[in-house]
Amino acid sequence: MNLSPMGSHGGPDPGRAGEPQVFVRTMTGPAGLPWEQARAAELEARMAAPSVLSALKYRLVRLEPWSFGRPSRFAAVYLRGGDTLPAFETEVLIDGRTIKVAFLSQAARRAQLMRRVREIGVVAAPFALLVAAVMASLAVSADREARIEALEGRAQRAERLGERAGEQRIEARALQGAGARGHTLTDALRDLDWLSRSKAPGAHIQAMHWEGGLMTVTVRGDIPPVRASEREVRRASTPLGPGLWLWGVGPSAKRVEP
């Protein structure tokens, strides 16, 4: 950092009566975004002021353009004894360059602030309208997307129901061909599972099918097809052929809850 008194034209302060005293302090802002660098330099300028801030005016000047990933140099130009002046302009010499710095009166600063607010308002109004239009468009697009997704969901459910109905028709035809009219595929698989688990040792089951909703089993030999179980099993009174018998199997007994 460098702190030096400067005259109104950048040379040594001549100390003329009534002439405000100008000081210049140089500093380096850390690498970062432009406003982050300016904020750090602003804080350093306030902390390193040559006197209490209530007795000073100061301006912060960037000495070199902002560059990504690199620190930037600033200069704080302080004005002492100019509180009663309506405005003051001076030139300071920094790094061999003459820089013109203007200090505005409070009224001029307020007018400048209001002018900037109006300028920002003029620029921001179309932008606000654009943002509102974009948000409205996004809302319409989101609503349209939600409706499309809902329609796609209903179409997929209808497609799955159609596929399931087609599968059930195929199952019904297959079961009807096997004599299991009125049975579902789950019922038929349950009967087959029961028969495989309950088959009696030594029984020679030749075939099984359904008649009138009941399962029938064709067995060769005199051994019953299944062991004693919860289902009623009866043999036909006459054989189908030499040593070939037809057995009827009743439905599964329903459990009665107490």
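**Reading the labels of a predicted model**

Colleague: Why is Asp222 called exposed?
Modeller: In this predicted model, Asp222 has a relative accessible area of 60%. Exposed means over 50%, so Asp222 earns that label.

Colleague: What makes the contact of Arg235 and Asp222 a salt bridge?
Modeller: Their side chains meet at 3.9 Å, N to O. The limit is 4 Å, so the contact of Arg235 and Asp222 counts as a salt bridge. The pair links distant parts of the chain, with Arg235 in strand β9 and Asp222 in the loop between β8 and β9, 13 residues apart.

Colleague: Why is Arg235 called partly exposed?
Modeller: The relative accessible area of Arg235 is 37%. Partly exposed covers values between 20% and 50%, so the term applies to Arg235. Arg235 also lies over the face of Trp245, at 3.7 Å from the ring centre.

Colleague: How do you know that Arg234 forms a salt bridge with Glu232?
Modeller: The closest N and O atoms of the two residues are 2.5 Å apart. A salt bridge needs these atoms within 4 Å, so Arg234 and Glu232 qualify. Arg234 is exposed at 60%, whereas Glu232 is partly exposed at 45%. The structure holds 6 salt bridges.

Colleague: Why does Arg231 count as buried?
Modeller: Its relative accessibility is 8%. Buried means under 20%, so Arg231 is buried. The residue is placed in the loop between β8 (214-220) and β9 (233-235).

Colleague: What makes Arg231 and Asp191 a salt bridge?
Modeller: Their closest N and O atoms are 3.0 Å apart, and the limit is 4 Å, so the pair of Arg231 and Asp191 meets the definition. This salt bridge joins distant parts of the chain: Arg231 is in the loop between β8 and β9, and Asp191 is in helix α3 (residues 185-198), 40 residues away. Both residues are buried.

Colleague: How do you know where the charged end of Arg231 sits relative to the ring of Trp194?
Modeller: The charged end of Arg231 is 4.6 Å from the ring centre of Trp194. The distance limit is 6 Å, with an angle limit of 35 degrees from the ring normal. Arg231 is listed as sitting over the ring of Trp194.

Colleague: Why is the aromatic pair of Tyr58 and Tyr78 given its particular label?
Modeller: The angle between the planes of Tyr58 and Tyr78 is 40°. Under 30 degrees would be stacked and over 60 edge-to-face, so this pair is called tilted. The centres are 6.0 Å apart, and the limit for a pair is 6.5 Å. Tyr58 lies in strand β3 (residues 56-62) and Tyr78 in strand β4 (residues 72-80), so the pair ties together parts that are 20 residues apart in sequence. Both Tyr58 and Tyr78 are buried.

Colleague: What makes the pair of Trp66 and Phe68 edge-to-face?
Modeller: The planes of Trp66 and Phe68 stand at 75°. Edge-to-face needs over 60 degrees, so the label fits Trp66 and Phe68. Their ring centres are 6.4 Å apart. Trp66, at 33%, is partly exposed, while Phe68, at 73%, is exposed.

Colleague: Which residues form the nonpolar patch on the surface?
Modeller: The patch consists of Leu33, Trp35, Trp66 and Phe68, with about 510 Å² of accessible area together. Members need over 30% relative accessible area. Trp35, in helix α1 (residues 34-47), reaches 59%, and Trp66 reaches 33%.

Definitions and conventions
Residues numbered from 1 in each chain as written. Predicted model: local features only at pLDDT ≥ 70, side-chain atom pairs only at ≥ 80, totals over all residues. Heavy atoms only, no water. Helix = DSSP H or I, 4+ residues; strand = E, 2+ residues; numbered from the N terminus. Buried < 20%, exposed > 50% of the residue type's maximum accessible area, 1.4 Å probe, protein only. Patch = residues over 30% accessible without salt bridge, like charges linked within 9 Å, V, L, I, M, F, W, Y side chains within 5 Å. Areas by Shrake-Rupley, 256 points an atom, 1.4 Å probe, with all protein chains shown as cover.
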